[in-house]
Amino acid sequence: MLFKVEMKVNIPHDMPAEVAAEIKAREKAYAQELQAQGKWRHLWRVAGSYANVSIFDVADNAELQDLISALPLFPYMDISVAPLCRHPSSIHQDDR
Ligand SMILES: O=C(O)C[C@H]1C=CC(=O)O1
């Protein structure tokens, strides 16, 4: 199942820089692991903001919840999720 996930990062201004850097490093490693597994299919920066638009390819809602809630930045993000289905005009065979 495909989901559009929008994440807006709000790291508290009083978080020490080294703590923020450590969380971001763990986030990057986890995000790249999920991309290598094919579960995080697209990851795009929203230009001009500390936010991303992502496409996840997971088995079901429960797996999406498990993956997203394990993000190291999860406590510091506003996240919105929308389920996707194939567009009838799409030419991409891997859309489903
Ligand atoms: O930077 C972000 O958009 C937040 C988060 C998502 C992937 C990652 O490495 O960090």
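Where does the ligand sit? In this predicted model, the ligand sits in the largest pocket. The legends below start with the whole chain and then move in on that site.

**Figure 1. The whole protein, with 2 helices and 4 strands.** Reading from the N terminus, you meet the elements in the order β-α-β-β-α-β. The C-alpha trace spans about 50 × 25 × 20 Å along its principal axes.

**Figure 2. The largest pocket, with a volume of about 280 Å³.** The lining consists of 16 residues, and those closest to the centre of the pocket are Glu 27, Ala 31, Leu 43, Arg 45 and Asn 52. Three elements, β1 (2-9), α1 and β2, each give two or more residues to this lining. The largest share comes from α1, with 6 residues. Sorted by class, the lining holds 9 nonpolar, 3 polar and 4 charged residues.

**Figure 3. The shell of residues around the ligand.** Here you can find Val 9, Glu 27, Lys 28, Ala 31, Trp 40, Arg 45, Tyr 50, Asn 52 and Leu 73 around the ligand. Taken alone, the ligand exposes 270 Å², and the protein buries 88% of that area. By class, the shell divides into 5 nonpolar, 1 polar and 3 charged residues.

**Figure 4. α1 and β2 beside the ligand.** Both α1 (17-36) and β2 (40-45) supply at least two residues of the shell. Which element gives the most to the shell around the ligand? That is α1, with 3 residues. The helix α1 also provides the largest share of the pocket lining.

**Figure 5. Side chains of Arg 45 and Asn 52 at the ligand.** How far is an N or O atom in the side chain of Arg 45 from an oxygen atom of the ligand? The distance is 2.7 Å. For Asn 52, a side-chain N or O atom is 2.8 Å from an oxygen atom of the ligand. Arg 45 and Asn 52 are also among the residues closest to the centre of the largest pocket, and the ligand sits in that pocket.

Methods. Residues are numbered from 1 along each chain as its sequence is written. This is a predicted model: local features need pLDDT of at least 70, side-chain atom pairs count only at pLDDT 80 or more; totals for chains, interfaces and linings use all residues. Side-chain values use heavy atoms; hydrogens and water are left out. A residue is near a molecule or strand if one of its heavy atoms lies within 4 Å of it. A polar contact is a pair of N or O atoms within 3.5 Å; within protein, one must be able to donate a hydrogen and the other to accept it, and residues adjacent in sequence count only if both atoms are side-chain atoms. Accessible areas come from the Shrake-Rupley method with a 1.4 Å probe; for residues, only the protein chains shown count as cover. On a 1 Å grid over the protein atoms alone, a cavity is a set of points where a 1.4 Å probe fits but cannot get out, and a pocket is an open set with protein on both sides within 12 Å along at least five of seven lines; lining residues have an atom within 4 Å of a point. A molecule sits in a cavity or pocket if more than half of its atoms lie within 2 Å of its grid points. Ala, Val, Leu, Ile, Met, Phe, Trp, Tyr, Cys and Pro count as nonpolar, Asp, Glu, Lys and Arg as charged, and the others, Gly among them, as polar. Grid points are joined across faces, edges and corners, and a volume is the space filled by probe spheres set on the points.
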